[in-house]
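The report below is written for a reader who wants to follow the domains, sheets and helix contacts of a single chain. Please keep the sequence and the coordinates at hand while reading.

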Amino acid sequence: SEERSLNFLEQIIEEDIAKGIHGGRVHTRFPPEPNGYLHIGHAKSICLNFGLAKKYNGLTNLRFDDTNPITEDTEYVDSIKADIRWLGFEWAEEHYASDYFEQLYEFAVALIKKGLAYVDDSTPEEIAAMKGTPTEPGKESPYRSRSVEENLQLFENMRNGMYKDGERVLRAKIDMAAPNMHLRDPLMYRIKHAHHHRTGDKWCIYPMYDFAHGQSDSIEHITHSICTLEFVPHRPLYDWFIDKLEIFPSHQYEFARLSLNYTVTSKRKLKQLVSDGIVRGWDDPRMPTLSALRRRGYTPASIRAFCERVGVQKRDNIIEVGLLEYFIREELNRTANRVMAVLDPVRLVITNYPADRVEALQAENNPEDASAGHRTVPFSNTLYIEREDFMENPPKKFFRLAPGQMVRLKYAYIIKCDSVEKDADGNITTIYCSYLPESRSGGDASGISVKGTIHWVSAAHAATAEVRLYDRLFKVEDPGNEEGDFKSYINPDSLQVVSNAYIEPALASAKTGDRFQFLRKGYFCVDPDTTTGKLVFNRTVTLKDTWAK
Ligand code: ATP
Ligand code: MG
Ligand code: MG
């Protein structure tokens with residue numbers, strides 16, 4: 001990999017190691033909430049957390065941040081684990097914040113005993129009203145001066161299910177006049193009579209993110225807890241809890257979220273696209289989820305390379321999806337075998353080529369990789385070519401096929417168009433050509449040079465396939481920040497299905513996940529919808545950046 005200077009997190013870690021902090025140990029964690037599938041933004045966080053640990057001989061935990069019973073599900077737990085492994089990372093320990101519920105409860109009791117937490121009977125509306133504004137201090141709750149004994153009893157009652165949802169909360173007793181709103185007696189626990197995907201009905205009180213996250217980091221002796229910028233104002237609270245509890249001093253560091261243009265990276269929004277049927281599922285190849293990118297043909301290495309190139313920023317910005325495409329195109333150019341597929345076919349007959357003759361032509365699998373070898377492609381007098389490769393009245397510099405004009409058929413011969421046949425509506429049904437027998441590729445003795453080369457398949461030998469072509473899912477660069485419903489910015493043409501493409505017969509045995517370059521058409525990957533009778537391909541990416549402005 002290329003040389004680059006240290007990013008700010010590497011600098012911090014190297015300084016910590018040099019100072020011998022935590023004995024020079026580096027232990028990170030990736031803490032997804034199991035309420036959706038991982039997306040490209042999570043990939044950035046995964047590459048960062050696992051990458052830093054690897055670089056400094058440390059460890060990374062996978063911790064499910066499952067403190068909200070309402071939205072979480074084991075389906076998501078399983079997909080998250082599969083996606084992390086697919087990206088190429090293995091965690092040291094697997095944890096669930098819910099496994100710490102008892103310990104977190106005891107931490108809360110310890111803070112009550114220190115006079116640093118209290119049960120508040122105010123309604124959520126009253127609490128909000130007392131919070132103040134960034135320029136005005138808040139008001140202290142009338143329940144703030146309760147005795148330790150009363151708080152202990154009430155908190156236990158909360159746990160024992162004596163109150164309804166929202167009737168009481170546990171709050172940290174910090175400072176209602178703090179300039180940082182997060183320090184104005186933040187909530188630690190709320191009552192929620194809800195079934196949890198792991199703890200079942202054992203609990204009816206659940207810790208808030210701010211009370212669960214730092215303490216979980218501390219329990220696991222995480223040294224560098226890396227999160228996104230929106231948590232900067234939470235950091236004083238993160239430190240406050242750890243300090244008052246006198247537990248292992250994990251530290252939080254923040255970097256900019258990864259955002260991609262023409263898509264959304266918010267699980268809540270992605271979930272809406274799925275539940276509203278706008279896409280076929282979390283792994284619809286138009287989605288920015290890892291399962292969708294995998295299905296579309298992206299490799300783990302291309303995503304890791306993208307994340308490395310994006311780097312670690314301290315200011316939010318939007319990355320062009322073209323950069324992600326660059327990395328997969330780059331890799332597939334090196335690794336994908338070339339094949340011929342005709343997506344919009346028109347029949348072409350070579351009138352001077354014997355009707356009963358079939359030649360097995362030698363075709364190079366990958367000009368970028370000599371070890372990829374050769375295959376044979378059957379050639380005959382009746383072919384399919386791409387409709388757009390013929391023009392009856394071509395402009396100057398149209399180097400493909402036109403009446404009286406010559407072109408080379410890839411791996412085969414030079415042909416010349418003699419005439420065309422049309423149906424009643426004027427659509428061309430057959431193009432008639434003659435070929436130059438001495439012009440065969442690899443042994444061309446015709447002395448003629450043509451400017452254009454086109455792909456083709458032999459009609460009698462071709463297999464058929466469904467080919468799915470994708471465009472951006474949204475019409476605007478930053479749909480999440482437009483006025484109104486983000487779903488109103490959906491690109492109605494994001495999927496184009498070619499139900500009857502013709503492909504080389506050699507492709508008929510392709511397996512789900514196999515990747516190819518369809519000459520002149522882009523890179524394609526076999527979709528899991530493929531059945532024995534029917535191949536389905538997804539276009540991963542075009543050959544060139546046709547989306548460039
Ligand atoms: P979402 O808004 O998609 O729900 P989240 O941050 O709530 O995102 P989590 O499951 O909590 O989702 O994320 C797990 C980890 O991945 C967190 O540490 C979070 O900071 C990080 N992460 C999430 N989205 C991004 C992103 N777009 N770029 C970088 N890191 C991200
Ligand atoms: Mg989160
Ligand atoms: Mg979230």
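What follows goes from the domains to the sheet, the helix contact and the paired strands of this predicted model.

## Domains and their contact

The domain assignment of the chain gives three domains: domain 1 covers 8-255, domain 2 is made of two segments, 264-337 and 465-541, and domain 3 covers 341-454. Between domain 2 and domain 3, the C-alpha centres are 31 Å apart, and the contact draws 14 residues from domain 2 and 14 residues from domain 3.

On the side of domain 2 that touches domain 3, the elements that give two or more residues are α12 (321-335) and β24 (495-503), and of these β24 gives the most, with four residues. Sorted by class, that side of domain 2 has nine nonpolar, two polar and three charged residues.

## The seven-stranded sheet

Strand β24 also belongs to an open sheet of seven strands, in which the order is β12-β25-β26-β27-β23-β24-β13 and the pairing is mixed. The edges are formed by β12 (337-339) and β13 (341-342), each of which pairs on one side only. At one of these edges, β13 pairs with β24 in the antiparallel sense over two bridges, and Ala 341 has Ile 503 in β24 as its bridge partner.

Helix α12 packs on this sheet, where it touches β25 (515-518), β26 (522-526) and β27 (535-541), and the direction of α12 makes about 120 degrees with that of β27.

## A crossing of two helices

Helix α2 (residues 40-55) and helix α11 (residues 300-310) have axes that come within 9 Å and cross at roughly 80 degrees. Because this angle falls between 65 and 115 degrees, α2 counts as roughly perpendicular to α11.

In this contact, Ala 43, Lys 44 and Cys 47 of α2 meet Ile 303, Arg 304, Cys 307, Glu 308 and Val 310 of α11. By class, the contact of α2 with α11 has five nonpolar and three charged residues, with no polar ones.

## Strand β18 and its two partners

Which residues of β18 are buried on its two sides? Strand β18 (residues 406-409) is covered on both faces, with Met 406 and Arg 408 buried on one side and Val 407 and Leu 409 buried on the other. In general terms, the side chains of a regular strand alternate between the two faces of the sheet.

Strand β18 is joined to strand β19 (residues 414-422) by three bridges, and the two run antiparallel, with Val 407 opposite Ile 415 of β19. The hairpin of β18 and β19 has four residues between the strands, and in this hairpin Tyr 411 takes a positive phi near 65 degrees. A further partner is strand β21 (residues 453-454), which runs parallel to β18 and is joined to β18 by two bridges; here Arg 408 stands opposite Thr 453 of β21. Val 407 therefore faces a partner residue in β19, whereas Arg 408, buried like Val 407, faces one in β21.

## Strands β5, β6 and β7

Strand β6 (residues 187-191) pairs in the antiparallel sense with strand β5 (residues 169-172) over three bridges, and Leu 170 stands opposite Tyr 189 of β6. Strand β6 is also joined by three bridges to strand β7 (residues 205-207), again with an antiparallel run, and in this pairing Arg 190 stands opposite Tyr 206 of β7.

Definitions and conventions
Residues are numbered from 1 along each chain as its sequence is written. Chains are lettered from A and ligands numbered from 1 in the order in which they are written. This is a predicted model: local features need pLDDT of at least 70, side-chain atom pairs count only at pLDDT 80 or more; totals for chains, interfaces and linings use all residues. A residue is buried if 20 or more other C-beta atoms lie within 10 Å of its own, exposed if 12 or fewer, and partly exposed in between; C-beta atoms are placed from the backbone. Two strands pair if DSSP finds at least two bridges between them. Axes are lines fitted to C-alpha atoms, for helices over the stretch in contact, and angles run from 0 to 180 degrees between N-to-C directions. Angles under 35 degrees count as roughly parallel, over 145 as roughly antiparallel, 65 to 115 as roughly perpendicular and the rest as oblique. Two residues are in contact if their C-beta atoms, placed from the backbone, lie within 7 Å. Ala, Val, Leu, Ile, Met, Phe, Trp, Tyr, Cys and Pro count as nonpolar, Asp, Glu, Lys and Arg as charged, and the others, Gly among them, as polar. Domain bounds come from an automatic or database domain assignment.
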